[in-house]
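Dear colleague,

I am handing over the structure we spoke of, and below it I have set out what was found. Please read the notes with the coordinates open beside them.

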Amino acid sequence: MQGLRFIQYRSVFMKHLLFFPVFFLPILLAAQTVVTMKIDGNINPVAASFIHRGIAMAATEKAECLVIYLNTPGGLLKSTRVIVSDILTSPVPVVVYVAPAGASAGSAGVFITMAANIAAMAPGTNIGAAHPVGIGQGDTTMQEKVTNDAAAFIRAIAEKRNRNGQWGEEAVRNSRSITENEALEQKVTDLVAPDLQSLLQQIDGKTIELPSGTVTLHTKSSKIISLEMGMGEKVLDVLSDPNIAYALMLLGFFGVLFELYNPGAILPGIVGAISLVLAFYSLHTLPVNYAGLALIVFAIILFLLEIKIVSHGLLAIGGAVSLLLGSMMLVPADPGFNVVTISRSVIISSVFISTLFFLVVLGFGLKAQRAKPVTGIEGLLGDIGESLDELNPVGRVRVHGETWNAVATTGKIAIGEKVRVVEINNLELTVEPV
């Protein structure tokens, strides 16, 4: 009897045990997570650091994958290589999703997209035009070297991910660009998805090769975790704009110089110092041409000399030309994929404002410091008066309608003669005949 009861209990237990995974499977699948993040702008050190943080977070959360929304015109070669390396060695699958409609994976974005475990694009997007820029136009040898290096780079990525390396090389050498459907047909990307949910449904069940082994994605009912840039990263991303860096540098120079020539203003000095620090950080993240920076500093020196030395405008013209040339040379296009330099309109307006600042604002300030006092006893120096007595050599004179005791430098001055004040000693004027 007890044996029969044991068999019945065991049968019920096995039924419940078999029912357990069926009941809890949706719950277990729902517990899966997908981390998403957005790169909308230039590829720079901030973007590289942000993607590195996203991969680390996805690994910590044990996420099914990391989805990177990508929309970029290009970026720095060094940052691109860092991002590609992070993606190729990522412990979690990385999905690069060129979205939303109208987005582009241009230049550096081609390398990042092709490096992903899964490359997806939204309708109305495009990818391509990865030809290196920023080489001196006359330096064909350097141009060829950088182009060949980029072509080898894209081929290595394509071989790693089993993508169309031939098209990738065409994008590098001939700036080829294609739509999302063409990219799918030519095996540059893996799929086209109108939104994130469609993307997650399409990649559900796919097998991904990682450095640690093979994993199967379960993304259909995954929980979405969005990773946003922190405030510090957003600020640094803005500061990485060459136009912002250039404006901060000029503002810093102007603020510090204004404080030096007008001590006690305080605010211009504080703003100038902060601007210079931020500008130096920005320039640190950019491919700065130090010859251009030297020309800008030389231009400021010429402007200051124009204020102090009468050159009939020659120093000012030299300063304006030096500032213009230095500004155009300061942030050249990076010898890689960067297509962003200082805007010509920003340069022209900055040169005009800078010239006006030095010649008008700072010039008036310096001239005011050198001007003769117009109030107090010191204001009498150089003024013209009239002798009331015969100065032989002592007598009285009238200056500014006031009567003063005076001593003549020439020994004798007649009554009513015009005199000039040359010195003041203990309320007694020393005068000379005009």
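The notes that follow take up confidence, then a barrel of strands, and then one residue in a helix.

Please keep in mind that this is a predicted model. The protein chain has a mean pLDDT of 83, with 84% of its residues at 70 or more. Residues 17–25 call for caution, since the pLDDT over this stretch is below 50, and the stretch has zero contacts in the model beyond near neighbours in sequence.

Turning to the strands, five of them close into a barrel, and their order is β12-β13-β14-β16-β15, with mixed pairing. From one strand to the next, the twist averages 55°. Within this barrel, strand β15, which covers residues 418–425, runs antiparallel to strand β16, which covers residues 428–433, and the two are joined by six bridges. On that pairing, V419 is the residue that stands opposite P433 in β16. As general background, the strands of a sheet pair through backbone hydrogen bonds, and they may do so in either a parallel or an antiparallel manner.

The remaining point concerns L276, which has its place in helix α11, the run of residues 267–284. Because its relative accessible area is 14%, under the cut-off of 20%, L276 counts as buried. Leaving aside residues up to four places away in sequence, L276 touches L248, M249, G252, F253 and V256. Of these contacts, M249 lies 27 residues from L276 in sequence, while the C-alpha to C-alpha separation of the two in space is 5.5 Å.

With kind regards

Conventions: Residues numbered from 1 in each chain as written. Predicted model: local features only at pLDDT ≥ 70, side-chain atom pairs only at ≥ 80, totals over all residues. Heavy atoms only, no water. pLDDT = per-residue confidence, 0-100. Contact = heavy atoms within 4.5 Å. Pairing = 2+ DSSP bridges. Helix = DSSP H or I, 4+ residues; strand = E, 2+ residues; numbered from the N terminus. Axes fitted to C-alpha atoms, helices over the stretch in contact; angles between N-to-C directions. Buried < 20%, exposed > 50% of the residue type's maximum accessible area, 1.4 Å probe, protein only.
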